[in-house]
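Q: I'm new to this one, so could you walk me through the backbone of the model up close? I'd like to know about any spots where the peptide bonds or phi angles stand out.

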Amino acid sequence: MLSIKDLPKEKYVLPGHSACPGCPESLGLRFVGMALGKDVILVIPAGCSSIIQGVMPSSSLSMRVLNVPFASAAAVAAGISNIRGLLDIKVIPVVWAGDGATADIGFASLSGAAERNDDLIYVCVDNEAYMNTGIQRSSLTPYGAWTTTSVTGKKEGKKELPLIMLIHKVPYIATASIAYPIDFISKLRKAASIKGFKYIHLHAPCPVGWRFDPSKTVEVARLAIEVGAWILFEAEEGRVRINPPSTIYVDKSKRRDVREYLDIQGRFKGLDGREIDVIKKLIDDNWNVLLKLT
Amino acid sequence: MTIKVLTGNYAVAEAVKLSGVNLITAYPITPQTPIVEKLSEYVDLGLIKASFVRVESEFSALAVAYGASICGARSFTATSSHGLLYMHEMLWWVAGSRVPLVMAVVTRAIGPPWNIWDEHTDLLDQRDTGWLISFAEDNQEVLDTIIQLYRITEDPRVYLPGILGLDGFLLSHTSEPVDIPDEHIIKSFLKPRSQPYTLCGDELITMGNLPRARDAMFMRYDIHLSMERAKRVIKEVDLEYSKLVGRSYGGLVECYRCENSKYLLVGMGAWVGNMKDVCDELRDEGYSVGVLKVRFFRPFPYEEVVGHLSGIRGALVFDRSISLGSLGHLHLEILARASSIGKHTIIKGLIAGLAGVDVGVKEIKESTIKFINEIEELGYVKDSSEWLL
């Protein structure tokens, strides 16, 4: 098992970046750098990470970065991966895209690259709304959450994107959380060792959009797992395996009360008992579907 | 040198085969489809040593070509009409990144209603994107211009992507004898791939993060300057190509029997061939008429157009496209330099052949005679812009 001592000490996200206080994306980008080092080319569609880089000619990311149009990231990375052999290129294309660029506007190009099994790593950094334009709902915003375009709480559930990608039958898919960097880094390294399309869905609580104190980003991410609202798992060649610490929470009685997770966030303020029951049921349903696949 | 009977689409495929591309990607759309099929076959049979990426949309086609090109690959894609509109955002991104890349656009009307026939509005809708835009008159020019475009776009004075437009069905599905140059000649003509930077080397480069406003404006200005420089490059490349292959297209414009002409027909694309036939007939009938073919629409050859139109009595400009609420695209460009051309020259625009309406020698000849007679009788034209409905 990977230990913190084994990780590189280089700074891949430099001081002075333009992320908000408590931003999970700057954490996640650091982990990508620590996992894959200088071999990476990040393909970044429109989103918060377009801003975090800062103003040219400077960049806060000590990695190759190709900024691309919103819906295009998977296809651009596919273009790079498809000429690696012909032109003897060593770099690893890694898409770093938000939930909007992945599940919504860019979904067709994501699905296309997955179906072709293009040799690349796709990371969806999921902060559960369009945060860069100021907190509008996405298809990955969970049921009941306030956003500026769902002011009475979202009426629909969260699209199950990791499962949708699993059913694309790609060689590797995984979920991860910014609260568990060793797990995320190990998964990135495993993905880099596998040929074909690799998808990693990173849960990334956003203090600005979820309405919690910026000091609590990691705490909220951990709570999501402890109440069972976010499940760490991976699937190699379609074989699904729940990863620790989520393995404990297969036993429902071990999960913490979902209200602990909801109450810490302003976006779930004012939910009534019925709505909380809906959220509980959605969590149970997710577990049931996933456990049937293991 | 080999002469083959080829449709315009297959002429495109032959040109791509000769051009040493590393990556081809496209999504099928009528009337471009045979380009995709033929190139896919060439790659599968090992006749082209390239990667062929079978994408799920035109938007992804240009995105894939962009990713490959920015890492040093010579790439190619092709589309038409709705496919071109669907990739519009990517067109801006490719040009703004200064990535040389070549695309064929088989021109086709835009719906609704669904319409597969020829019109130039799809391509001219890309007017402002920073791509070089050219039109071919026949299938030989299709083949030659694709090859030339790789040289032009990869020239350090240019470093911009380029489009060859060929008329849907009129060229794409019409067979003509096409002379295919020898592979070794084209190999020496097209030097190894050149581009301003590559993102897949050892250096850690960032492309496209936020700019200061003035820097971004300067980047726009630099594209504009490169467009201006491209004019010289296009002429040089055409000249060099003619020395190797024996065919020249005049660079930016071609002047057909227009020396000492009193009247000029001005147009782009396949129907210029009809205009030349009309010109020959009218010359025989005693009219002083020539044809000015505009080969490159971007960069627009103002100097050449002003030079040819100054001092003549009248220019009839044919547009197979329309900026709705205004005029045809070519007419607009020429009117933008009307003060340099001078008041003596009467300029009239004719919107014709939209949505695939047939325009042949008969229609062009009648319109030309009407235009000339009106000027000769009245000294002016009643309508400076007209639809040939």
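A: Let's begin in chain A, with A:Pro57, which sits in the loop between helix H2 (48-52) and strand E2 (64-67). Keep in mind that this is a predicted model. The bond joining A:Met56 to A:Pro57 is a cis peptide bond, and its omega is about 10°. As background, most peptide bonds are trans, and most residues other than glycine have a negative phi.

Chain B has a cis bond to look at too: the one running from B:Thr30 to B:Pro31, where omega is near 0°. You'll find B:Pro31 in a loop as well, between strand E2 (23-25) and helix H2 (33-44) of chain B.

Now for the phi angles. Back in chain A, go to the loop between helix H6 (161-166) and strand E5 (172-177), and there you'll meet A:Lys169. This lysine isn't a glycine, yet A:Lys169 has a positive phi of about 60°. Is A:Lys169 buried or exposed? A:Lys169 counts as exposed because its relative accessibility is 74%, and the cut-off for exposed is over 50%.

Chain B offers B:Arg98, in the loop between helix H5 (88-96) and strand E5 (102-107). B:Arg98 also isn't a glycine, and its phi is positive, at about 60°. Here the relative accessibility is 14%, so B:Arg98 counts as buried, given that buried means under 20%.

Key: Residues are numbered from 1 along each chain as its sequence is written. Chains are lettered from A and ligands numbered from 1 in the order in which they are written. This is a predicted model: local features need pLDDT of at least 70, side-chain atom pairs count only at pLDDT 80 or more; totals for chains, interfaces and linings use all residues. Side-chain values use heavy atoms; hydrogens and water are left out. Helices (H or I, at least four residues) and strands (E, at least two) are DSSP runs, numbered from the N terminus. Buried means under 20% relative accessible area, exposed over 50%, partly exposed in between (1.4 Å probe, protein chains only).
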